[in-house]
Amino acid sequence: MIVFDLLCAAGHRFEGWFGSTKDFASQKERHLLACPTCGSAKVKRVPSATRANLGAVEPKPAQAPKAAPEAPAKTPDMEGKDPFAIAQMLYSRMLDDLLTKTEDVGKDFPAEARRIYYKESPERAIRGQATQQEHDDLVDEGVPVARLPLPSGRLN
Ligand SMILES: [Zn+2]
């Protein structure tokens, strides 16, 4: 076991325990290293007093650096924004993606969803409107549908 002092891009200093220098290099290369304080994967090794864990002294538990979470990728324009603003941006992007990849069938949605489910229509992603009752009926039949709150103005 060796301990490296690590420094993230935001200036947080933390320790990483590794099996070997190679282990450190490999984890860094695969972006598995992340700052435990801010989650930044921009981590570099900084000079420190060399310590080798020889096993006997300090039975400190090995503290592996946390792997970077697999959350939706944040982009630079989200840096420093509050979590709610970031969530809204991510949601807005998801909606854009959804709106460009789905076919708008409007009020025909319940019927078309059913036809696709029963393979009477070509399989594809569709969107449209359904009443609460129509939605519940589809769910009861096992037709996979999802409801999304769309901000007004986002539907053509
Ligand atoms: Zn940090």
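This report describes a predicted model of one protein chain with a zinc ion.

## Overall architecture

The secondary structure of the chain consists of four helices and five strands, and from the N terminus on these elements follow one another in the order β-β-α-β-α-β-α-β-α. The chain has 156 residues, of which 23% count as buried. Where contacts in the chain with a separation of 6 or more are considered, 48% of them are accounted for by residues 24 or more positions apart.

## The zinc site

Four residues coordinate the zinc ion, namely Cys-8 through SG, His-12 through ND1, Cys-35 through SG and Cys-38 through SG, and they do so at 2.0 to 2.4 Å. The angles among the four donor atoms are 106 to 115°, and the site of the zinc ion is tetrahedral. As general background, the ideal angle at a metal with four tetrahedral donors is 109.5 degrees.

Along the sequence, the donor residues of the zinc ion are spaced C-x3-H-x22-C-x2-C. Two of these donors, His-12 and Cys-35, are 23 residues apart and link distant parts of the chain: His-12 is in the loop between strand 1 (2-8) and strand 2 (13-18), while Cys-35 is in the loop between helix 1 (21-29) and strand 3 (43-46). This pair can also be described by accessibility, since His-12 has a relative accessible area of 25% and is therefore partly exposed, whereas Cys-35, at 4% relative accessibility, counts as buried because its value is under 20%.

## Helix 3 beside helix 4

The axes of helix 3 (residues 109-117) and helix 4 (residues 132-141) come within 10 Å and cross at roughly 10°. Helix 3 is therefore roughly parallel to helix 4, because angles under 35 degrees count as roughly parallel.

On the side of helix 3, the residues that take part in the contact are Phe-109, Pro-110, Ala-113, Arg-114 and Tyr-117, and they meet Glu-134, Asp-137, Leu-138 and Glu-141 in helix 4. Sorted by class, the contact of helix 3 with helix 4 has five nonpolar and four charged residues, with no polar residues.

## Met-78 and its contacts

Met-78 has its place in the loop between strand 3 and helix 2 (83-101). With a relative accessible area of 1%, Met-78 is buried, because a value under 20% counts as such.

When residues up to four places away in sequence are not counted, Met-78 touches Ile-86, Met-89, Leu-90 and Arg-93. For one of these, Leu-90, the distance to Met-78 is also available: the two residues are twelve residues apart along the chain, and their C-alpha atoms are separated by 9.5 Å.

## Two residues with positive phi

His-31 is not a glycine, yet it has a positive phi of about 55°. His-31 is found in the loop between helix 1 and strand 3, and with a relative accessible area of 55% this residue is exposed.

Lys-119, which is likewise not a glycine, has a positive phi of about 60°. The place of Lys-119 is in the loop between helix 3 and strand 5 (126-128), and its relative accessible area of 69% makes Lys-119 exposed, because values over 50% count as exposed.

Terms used: Residues are numbered from 1 along each chain as its sequence is written. This is a predicted model: local features need pLDDT of at least 70, side-chain atom pairs count only at pLDDT 80 or more; totals for chains, interfaces and linings use all residues. Side-chain values use heavy atoms; hydrogens and water are left out. Donors are N, O and S atoms within 2.8 Å of the metal (3.2 Å for Na, K and Ca); water is not among the atoms, so sites may look incomplete. Four donors count as tetrahedral if all angles lie between 85 and 135 degrees; four count as square planar and six as octahedral if opposite donors are over 155 degrees apart and all others between 65 and 115; anything else is irregular. Buried means under 20% relative accessible area, exposed over 50%, partly exposed in between (1.4 Å probe, protein chains only). Axes are lines fitted to C-alpha atoms, for helices over the stretch in contact, and angles run from 0 to 180 degrees between N-to-C directions. Angles under 35 degrees count as roughly parallel, over 145 as roughly antiparallel, 65 to 115 as roughly perpendicular and the rest as oblique. Contact means heavy atoms within 4.5 Å. Ala, Val, Leu, Ile, Met, Phe, Trp, Tyr, Cys and Pro count as nonpolar, Asp, Glu, Lys and Arg as charged, and the others, Gly among them, as polar.
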